[in-house]
Amino acid sequence: MSSENYLHRLCPVCQKNTPSTLEVCSEKKGEDTNYEELIPYWNGFFKEKIFFSYARCSDCKLLFAPIFYQPNQLEALYGQMPPNMDLVPMAALLNTQKGYFEVLKRFSKLENGYIEVGPDIGVFTVNCRQYGNFDSYWLCEPNKLVAEALSKTVDGKPFKIIEEMFGFDAIPHQSASVAVMIQVLDHLLDPVATLSELKGKLLPQAKLLLVTHNEQSLLRRIVNWRWPAFCLQHPQIYSPHSITNLLNKAGYEVNTIERTKNYFEFSFLLKHLLWALGFKVKSVPKFLNFTIRLKLGNMITIATPR
Ligand SMILES: [Zn+2]
């Protein structure tokens with residue numbers, strides 16, 4: 001009944017009517033709940049879990065939500081969201097992103113133009129500015145609150161902050177040797193269109209860096225439907241297999257796919273794990289406040305235009 005107000009989607013990689021099998025759903029389903037009734041669930045991590053059910057495409061193996069928000073509904077929901085990034089402590093975040101940069105460095109000379117979608121204050125970008133030799137920075141970041149901090153990150157080099165998440169029009173054709181999208185691709189209704197358009201801005205040997213969740217990860221298997229990546233903000237979630245199919249469809253060749261190491265304060269992680277398992281603790285002891293490094297359900301993909 002409620003699903004009439006939502007978008008009915010084909011597999012976003014195959015873009016045709018392929019057979020799919022329902023695989024993951026919450027107790028109360030997103031597609032059975034009114035748009036208005038769902039709004040409180042959009043931002044909250046520590047509330048009853050509701051998401052749009054995920055099905056697996058039998059052709060490309062992508063896990064995607066066949067019923068999901070309409071583009072205008074998404075725009076409204078993202079518009080009312082408070083700025084993020086305050087959940088994970090900054091030192092842990094910097095270490096995690098430094099690890100992503102080390103992977104990029106193995107594949108790229110770090111020169112010519114640089115494109116990043118959703119850099120926030122520049123926790124990844126800072127590595128490129130410090131260790132790279134890029135001649136221009138194109139930073140697609142709609143959040144005006146972070147513009148000043150982001151500008152400081154790339155200070156001294158030519159840069160442009162584009163206030164649209166996918167405002168690629170401003171970027172010169174075939175000018176960049178690196179494009180970065182960290183935790184962006186899981187959110188897109190049409191990832192093939194976005195990656196294809198981005199390809200036009202890249203030089204022939206350019207490297208695309210993607211960080212996404214991995215629905216084939218151990219963590220997902222342990223916590224099953226309670227895995228935090230199953231949420232209202234993700235119209236699909238990738239695996240190494242399905243992201244390869246996506247990239248091929250959008251005109252890229254995969255160079256590598258690796259599990260990422262994430263740095264966490266142990267107490268932060270323990271609290272989230274307990275919540276995911278249904279133990280609603282308020283806090284954990286302070287002595288558990290040390291930093292650890294884990295491979296926790298994310299993957300990094302490097303690809304080249306074909
Ligand atoms: Zn498919």
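These notes cover a zinc site and one helix in a predicted model.

1. Start with the metal. The zinc ion is held by four sulfur donors: Cys-11 (SG), Cys-14 (SG), Cys-57 (SG) and Cys-60 (SG). The coordination distance is 2.3 Å.

2. Next, the geometry. The angles among the four donor atoms run from 98 to 117 degrees. The site of the zinc ion is tetrahedral. For reference, the ideal angle for four tetrahedral donors is 109.5 degrees.

3. Now the sequence pattern. Along the chain, the donors of the zinc ion are spaced as C-x2-C-x42-C-x2-C. The pair Cys-14 and Cys-57 links distant parts of the chain, 43 residues apart. Cys-14 lies in the loop between strand S1 (7-8) and strand S2 (20-24). Cys-57 belongs to strand S3 (residues 54-57).

4. Are these two cysteines buried or exposed? Cys-14 has a relative accessible area of 14%, so it counts as buried, the cut-off being under 20%. Cys-57 is buried too, with a relative accessible area of 0%.

5. Turn to helix H2 (residues 71-79). Which of its residues are buried? They are Gln-73, Leu-74 and Leu-77. Seen down the axis of H2, these buried residues fall within an arc of 100 degrees, so they line one face of the helix. In general, an α-helix has 3.6 residues a turn, so residues three or four places apart point the same way.

6. What do the buried residues of H2 pack against? Their partners are helix H1 (35-43) and strand S5 (67-68). On the other side of H2, Asn-72, Glu-75 and Gly-79 are exposed.

Notes:
Residues are numbered from 1 along each chain as its sequence is written. This is a predicted model: local features need pLDDT of at least 70, side-chain atom pairs count only at pLDDT 80 or more; totals for chains, interfaces and linings use all residues. Side-chain values use heavy atoms; hydrogens and water are left out. Donors are N, O and S atoms within 2.8 Å of the metal (3.2 Å for Na, K and Ca); water is not among the atoms, so sites may look incomplete. Four donors count as tetrahedral if all angles lie between 85 and 135 degrees; four count as square planar and six as octahedral if opposite donors are over 155 degrees apart and all others between 65 and 115; anything else is irregular. Helices (H or I, at least four residues) and strands (E, at least two) are DSSP runs, numbered from the N terminus. Buried means under 20% relative accessible area, exposed over 50%, partly exposed in between (1.4 Å probe, protein chains only). The arc is that of the directions from the helix axis to the C-beta atoms. Contact means heavy atoms within 4.5 Å.
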